[in-house]
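The following exercises introduce a protein structure step by step. Each task is followed by a worked solution.

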Amino acid sequence: MGAGGAVLIIVVGAVLLFLVVVALVLLGAAAVVRMSGKNPKSLAWTGVGVLAVPVLFVATLVAWAQLVRDPDTIELDLREPVLLSSLPEDNEDFPGMRDYDSEHIDLVLPDGERFEAEVDGVLVWSDDGYVIGVTFDRRAREEGEIESLTRRWERELGGAGTVEVDADYSDHGRVRAAVPADPTP
């Protein structure tokens with residue numbers, strides 16, 4: 001998210017907070033009117049209505065985020081052909097590829113071994129509706145992590161995939177891996 005997105009979040013947050021304060025003032029005024037013995041119905045309902053706006057906005061935002069978000073973990077069993085349609089949508093329109101901002105990958109490799117890793121993103125490649133490969137990467141967070149991550153991924157993937165290093169990426173580099181999949185049913 002860029003600076004424009006951050007400004008939008010701050011502005012929307014300020015508007016919602018303002019509406020909550022107005023609603024609480026109206027409800028407080030309704031309580032005072034009631035204690036004076038008068039009918040505060042219209043004031044109370046106005047307060048409830050104003051309070052409903054930010055509540056409904058936040059509820060809608062949470063529901064929408066749950067529907068369109070990338071899954072936290074991409075799980076694939078590459079021992080058999082995988083239909084692309086069996087994977088979650090990525091809400092992007094790139095034919096032959098799905099791009100996920102997932103934080104974890106869990107693969108069953110063609111030889112039956114399991115590979116799990118924390119990642120920064122996953123690309124699933126397809127042809128004729130079947131998955132033909134998976135690529136994923138992770139940016140090194142600290143000095144020396146790139147070497148240990150490369151060794152670990154190479155050891156755990158064995159001959160099932162390739163691992164490469166992009167040392168010039170970011171401050172400490174990035175490790176990328178690719179695992180092909182047999183799309184033959």
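**Exercise 1.** Is E164 buried, partly exposed or exposed?

*Solution.* The model is a predicted one. The relative accessibility of E164 is 42%. Buried means under 20% and exposed means over 50%, with partly exposed in between. E164 therefore counts as partly exposed.

**Exercise 2.** Identify the salt-bridge partner of E164 and place both residues in their strands.

*Solution.* Step one: E164 forms a salt bridge with R176, and the closest N and O atoms are 3.1 Å apart. Step two: R176 belongs to strand β8 and E164 to strand β7, so that the pair links distant parts of the chain, 12 residues apart. Step three: R176 has 31% relative accessibility and therefore counts as partly exposed. Step four: the two strands also pair with each other, in the antiparallel sense and over five bridges. Within this pairing, V163 stands opposite A177 of β8.

**Exercise 3.** Which salt bridge joins R174 to another side chain, and what does the pair tie together?

*Solution.* The side chain of R174 meets that of D137 in a salt bridge, at 3.6 Å from N to O. R174 lies in strand β8 and D137 in strand β6, so the pair ties together parts that are 37 residues apart in sequence. Both R174 and D137 are buried. The strands concerned, β6 (residues 130–139) and β8 (residues 174–180), pair in the antiparallel sense over seven bridges. One of the bridge partnerships sets V134 against V179 in β8.

As a general remark, side chains of opposite charge can pair when their charged atoms come close.

**Exercise 4.** Describe the open sheet that contains β1, β3 and β4, and state which strands stand at its edges.

*Solution.* Three strands form this open sheet in the order β1-β3-β4, with mixed pairing. The edge positions belong to β1 (73–77) and β4 (114–118); each has a single partner strand, so one side of each is left without a neighbour in the sheet. On average, neighbouring strands of the sheet are turned by 10 degrees against each other, direction ignored. Strand β3 (residues 104–108) runs antiparallel to β4, and five bridges join them. Among them is the one that makes R114 in β4 the bridge partner of V108.

**Exercise 5.** Which residues are linked with R114 in a network of salt bridges?

*Solution.* The network links D106, R114 and E116. Within it, the side chains of R114 and E116 meet at 3.8 Å, N to O. E116 has 40% relative accessibility and therefore counts as partly exposed. A search of the whole structure finds nine salt bridges.

**Exercise 6.** Determine whether S126 is buried or exposed, and list its contacts beyond four places in sequence.

*Solution.* S126 is found in strand β5 (residues 121–127). Its relative accessibility is 12%, so S126 counts as buried. Leaving aside residues up to four places away in sequence, S126 touches L84, G96, M97, V131 and I132.

**Exercise 7.** Which residues form a nonpolar patch on the surface together with V58?

*Solution.* The patch consists of F57, V58, L61, V62 and W64, which together have about 480 Å² of accessible area. V58 is placed in helix α2, and at 41% relative accessibility V58 counts as partly exposed. Helix α2 (residues 41–68) also holds V48. The C-alpha atoms of V48 and T184 are 60 Å apart in space, and the two residues are 136 apart in sequence.

Note on methods:
Residues are numbered from 1 along each chain as its sequence is written. This is a predicted model: local features need pLDDT of at least 70, side-chain atom pairs count only at pLDDT 80 or more; totals for chains, interfaces and linings use all residues. Side-chain values use heavy atoms; hydrogens and water are left out. Helices (H or I, at least four residues) and strands (E, at least two) are DSSP runs, numbered from the N terminus. Buried means under 20% relative accessible area, exposed over 50%, partly exposed in between (1.4 Å probe, protein chains only). Contact means heavy atoms within 4.5 Å. Two strands pair if DSSP finds at least two bridges between them. Patches are made of residues with over 30% relative accessible area and no salt bridge: like charges are joined within 9 Å, nonpolar side chains (Val, Leu, Ile, Met, Phe, Trp, Tyr) within 5 Å. Accessible areas come from the Shrake-Rupley method with a 1.4 Å probe; for residues, only the protein chains shown count as cover. A salt bridge is a side-chain nitrogen of Lys or Arg within 4 Å of a carboxyl oxygen of Asp or Glu. Axes are lines fitted to C-alpha atoms, for helices over the stretch in contact, and angles run from 0 to 180 degrees between N-to-C directions.
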